[in-house]
Amino acid sequence: MRKIDTLVIHTSATFPEQRVTVETIRQWHLARGFEDIGYHFVVYTDGSIHAGRPAEKTGAHTLHWNSRSLGICYIGGLDEQGRPSDTRTPQQRKALRELIADLLRTYPDIRHIYGHCDLAPKACPCFNAREEYGGMISLR
């Protein structure tokens, strides 16, 4: 198993009401030349958590960080005008916290939780993931 020390939070950069699934994102990523969906987990607006790329496989979500990280994507991220916005539903907020807590238990080497914007010039995930989730590392 590869060593995982980082979680990177992403958004699909879609409208929350837009029907986007793991398979939708997989098709987008395959069209870009990826071998599979780039994210390891996708959180739908109803709070359900879906597996993407297997965790034992290196992701394709954050340049220079893929080999040591897991990528988590929530569906949404655009407001009604198509601008980057934190559109997480209450169910997504709860699911993200639960998923992160589970991953922290599963991967004891995790020391960092970043938003994609912390590692690349992007708006994604449209909120401060380090601030929101960083304290969870010390609570385990």
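This passage covers the cysteines, the surroundings of Thr11, two residues with positive phi, a cis peptide bond and the largest pocket. The model is a predicted one.

The cysteines were examined for disulfides. The count is zero. A disulfide requires two cysteine sulfur atoms within 2.5 Å. For Cys73, the closest cysteine sulfur belongs to Cys124 and lies 6.9 Å away, so no bond is assigned. For Cys126, the closest cysteine sulfur is again that of Cys124. The separation there is 6.6 Å, also too far for a bond. Cys73 is buried, because its relative accessibility is 0% and the limit for a buried residue is under 20%.

Thr11 has contacts to each of these three cysteines. Thr11 belongs to strand S1, which spans residues 6–11. Its relative accessible area is 6%, so Thr11 counts as buried. Beyond neighbours within four places in sequence, the contacts of Thr11 are Tyr39, Cys73, Tyr74, Gly76, Gly77, Cys124, Pro125 and Cys126. The polar part of the Thr11 side chain faces two backbone groups. The backbone oxygen of Gly76 is 2.3 Å from a polar side-chain atom of Thr11. The backbone nitrogen of Gly77 is 3.4 Å from a polar atom of that side chain.

Ala13 follows in the loop that connects S1 with helix H1 (22–31). Ala13 is partly exposed, at 45% relative accessible area, whereas Thr11 is buried. The backbone of Ala13 shows a positive phi of about 55°, although the residue is not a glycine. With neighbours within four places in sequence set aside, Ala13 is in contact with Gly76 and Leu78. Gly76 thus appears among the contacts of Ala13 and among those of Thr11. Glu80 is 67 residues from Ala13 along the chain. The C-alpha atoms of Ala13 and Glu80 are 12 Å apart.

Further backbone features occur between H3 and H4. The peptide bond between Cys124 and Pro125 is cis, with omega of about 15°. Pro125 sits in the loop between H3 and helix H4 (129–133). Cys126 lies in the loop between H3 and H4 as well. Its phi is near 75°, a positive value in a residue other than glycine. Both Pro125 and Cys126 are in contact with Thr11 of S1.

The pocket analysis gives a volume of about 570 Å³ for the largest pocket. Its lining comprises 27 residues. The closest to the pocket centre are Arg32, Tyr39, His61, His116 and Lys122. One of these, Tyr39, is also a contact of Thr11. By class, the lining has 15 nonpolar, 10 polar and two charged residues. At least two lining residues come from each of S1, H1 and helix H3 (116–119). H1 gives the most, with three residues.

How values were computed:
Residues are numbered from 1 along each chain as its sequence is written. This is a predicted model: local features need pLDDT of at least 70, side-chain atom pairs count only at pLDDT 80 or more; totals for chains, interfaces and linings use all residues. Side-chain values use heavy atoms; hydrogens and water are left out. Buried means under 20% relative accessible area, exposed over 50%, partly exposed in between (1.4 Å probe, protein chains only). Helices (H or I, at least four residues) and strands (E, at least two) are DSSP runs, numbered from the N terminus. A polar contact is a pair of N or O atoms within 3.5 Å; within protein, one must be able to donate a hydrogen and the other to accept it, and residues adjacent in sequence count only if both atoms are side-chain atoms. Contact means heavy atoms within 4.5 Å. On a 1 Å grid over the protein atoms alone, a cavity is a set of points where a 1.4 Å probe fits but cannot get out, and a pocket is an open set with protein on both sides within 12 Å along at least five of seven lines; lining residues have an atom within 4 Å of a point. Grid points are joined across faces, edges and corners, and a volume is the space filled by probe spheres set on the points. Ala, Val, Leu, Ile, Met, Phe, Trp, Tyr, Cys and Pro count as nonpolar, Asp, Glu, Lys and Arg as charged, and the others, Gly among them, as polar.
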